[in-house]
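The exercises below ask you to reason from a structure to its cysteine pairing and its ligand surroundings. Work through each task before reading the solution that follows.

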Amino acid sequence: MRDILPQDSWLWERVESAYRRVMTLYNYLEIGIPVLEKTALFARSIGEDTDIVSKEMYTFTDTGGDELSLRPEGTAGVVRAYVQHAVGTQEPVSKLYYIGPMFRRERPQKGRFRQFHQAGSEMFGVPGPFPEIEQILMLKDFFGKLGLSDVAFACNHLGTPESRAAYTRLLVAYFQKHSDGLCEDCRRRLETNPLRILDCKQAACGEIIAGSPSFEASRPESAAGELETFIRVLRDMAVAVDVEPRLVRGLDYYTGIVFEGVARGEGGEGKGLALVGGGRYDELVSQLGGPPTPAVGYAIGLERLVDVCRSRLGEPTRPDVFVVVIGAQLEPRAVELMHRLRGGGWRCEFDPRGGSLKSQMKRADRVAARIALILGEDELRAGNVRLRCMAGGEQVDVPAAGLDSALREKLGAPGMEAGHRDG
Ligand code: HAM
């Protein structure tokens with residue numbers, strides 16, 4: 001579990017605000033769900049025999065005797081809320097998004113944390129493939145806003161319940177022949193949930209998996225047609241999506257198109273790891289007690305994303321104005337002036353410890369203020385304040401009454417003015 005320290009929080013702020021903007025453009029509304037849910041919710045939706053549920057959840061019994069778990073992902077909770085509040089009866093098409101921490105007790109390794117953050121979206125009420133096409137476009141727009149152009153998307157189609165059953169029989173026959181080479185977990189999965197063998201990360205299993213039957217042969221025509229439309233429409237819009245015939249994703253609720261996006265050429269720890277994963281889950285709403293409702297969604301891993309786009313997000317936002325106070329008696333004037341400036345959207349700072357002109361200027365430099373505003377008795381008597389540009393050092397006296405327009409002339413719009421420097 002990692003701390004997000006103040007020197008990094010601007011990266012997170014920028015990523016999250018870009019996400020909210022893209023969600024608003026696509027008319028998705030935010031939903032807030034608790035970090036704790038009943039353990040049974042996750043077991044029923046993600047699946048008893050997935051790694052997430054069988055090994056990675058933080059589970060405890062509370063003092064009332066309820067079995068609870070910290071959420072390992074957001075979809076189960078969103079669907080629980082969707083059913084509980086009968087959202088579908090008020091709104092036949094619901095587009096929801098969330099940003100927040102998730103918890104999985106995974107083995108610590110590159111790009112995997114035990115508390116991590118996801119930005120996710122779920123759309124209810126419309127069958128495929130157009131909602132998933134739109135979600136890929138949303139992802140593309142979002143990544144583009146962060147300067148990431150090289151995310152490779154892969155997809156698969158898990159077919160119909162009948163074709164999945166037929167495919168599972170093929171898998172079982174194949175893996176039974178190779179069961180001696182499989183890890184202990186996979187030998188158990190062969191009995192309980194054979195599809196999950198395809199998610200195994202063990203090298204020995206990987207070799208066996210590489211030779212296993214792929215989905216393509218058992219995919220029914222309707223599913224193949226849906227996948228074909230998904231890929232073609234996106235290709236026509238210059239978004240390449242490759243078919244990955246053994247992509248099943250590690251959660252049991254998927255029923256149709258599934259997809260993942262990997263940062264390819266980008267640097268950082270997240271390179272080569274999935275930034276996003278998602279897919280269609282048309283049976284989960286009814287499994288959790290709601291009416292049959294088609295649904296599709298995805299979640300982005302924000303630690304990995306922040307890591308790959310760190311160098312593309314520009315500079316942290318800087319204070320616009322640092323007020324330098326010559327003489328402690330002028331401090332109340334400084335506080336009043338800053339209050340007025342902040343009201344106009346200017347981000348202001350001063351050194352509440354006081355000190356010499358030199359030490360205050362050093363502080364202005366340290367916090368990377370764009371301009372120093374020097375408040376001295378002589379200037380004030382003349383109705384002026386002094387502005388010194390931190391980059392070039394040139395300074396001018398301007399009338400205190402016309403400060404806002406003088407600042408606009410030097411700095412452009414205030415840093416915190418609505419819409420400016422947002423995302
Ligand atoms: P997931 O593939 O388990 O899907 O997670 C989505 C993304 O979360 C991953 O691609 C990865 O970037 C990030 N992630 C997962 N585990 C960790 C970890 N331990 N540390 C850092 N990042 C991690 C889901 O969670 C589904 N709920 C997605 C979804 C939504 N499907 C339909 N709707």
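**Exercise 1.** How many disulfides does the count come to in this predicted model?

*Solution.* Begin with the cut-off, since a disulfide requires a pair of cysteine sulfur atoms within 2.5 Å. For C186, the closest cysteine sulfur is that of C200, and because the two sulfurs are 3.6 Å apart, they are too far for a bond. Turning to C205, which is in no disulfide, the nearest cysteine sulfur belongs to C183 and is 3.7 Å away. By this rule the count is therefore zero disulfides.

**Exercise 2.** Decide whether C186 and C205 are buried or exposed.

*Solution.* Buried means under 20% relative accessible area. C186 has 0% relative accessibility and so counts as buried, and C205, at 0% relative accessibility, counts as buried as well.

**Exercise 3.** Describe the polar contacts of the ligand and say how much of its area the protein buries.

*Solution.* Take the side chain of R104 to start with, where an N or O atom is 2.9 Å from an oxygen atom of the ligand. Next, consider the backbone, where a polar atom of F113 is 2.8 Å from a ligand nitrogen, and a polar atom of Y298 is 3.3 Å from a ligand nitrogen. The ligand taken alone exposes 670 Å², of which the protein buries 96%.

**Exercise 4.** Which strand supplies the largest share of the shell around the ligand?

*Solution.* The ligand is surrounded by 26 residues, the closest being E73, E106, F113, E122 and Y254. Sorted by class, the shell has eleven nonpolar, eight polar and seven charged residues. At least two shell residues come from each of β6 (115-124), β10 (274-280) and β11 (295-301), and the largest share, six residues, comes from β10.

Methods: Residues numbered from 1 in each chain as written. Predicted model: local features only at pLDDT ≥ 70, side-chain atom pairs only at ≥ 80, totals over all residues. Heavy atoms only, no water. Near = heavy atom within 4 Å. Polar contact = N/O pair within 3.5 Å; in protein donor to acceptor, adjacent residues only side chain to side chain. Areas by Shrake-Rupley, 256 points an atom, 1.4 Å probe, with all protein chains shown as cover. Helix = DSSP H or I, 4+ residues; strand = E, 2+ residues; numbered from the N terminus. Nonpolar A, V, L, I, M, F, W, Y, C, P; charged D, E, K, R; others polar. Buried < 20%, exposed > 50% of the residue type's maximum accessible area, 1.4 Å probe, protein only.
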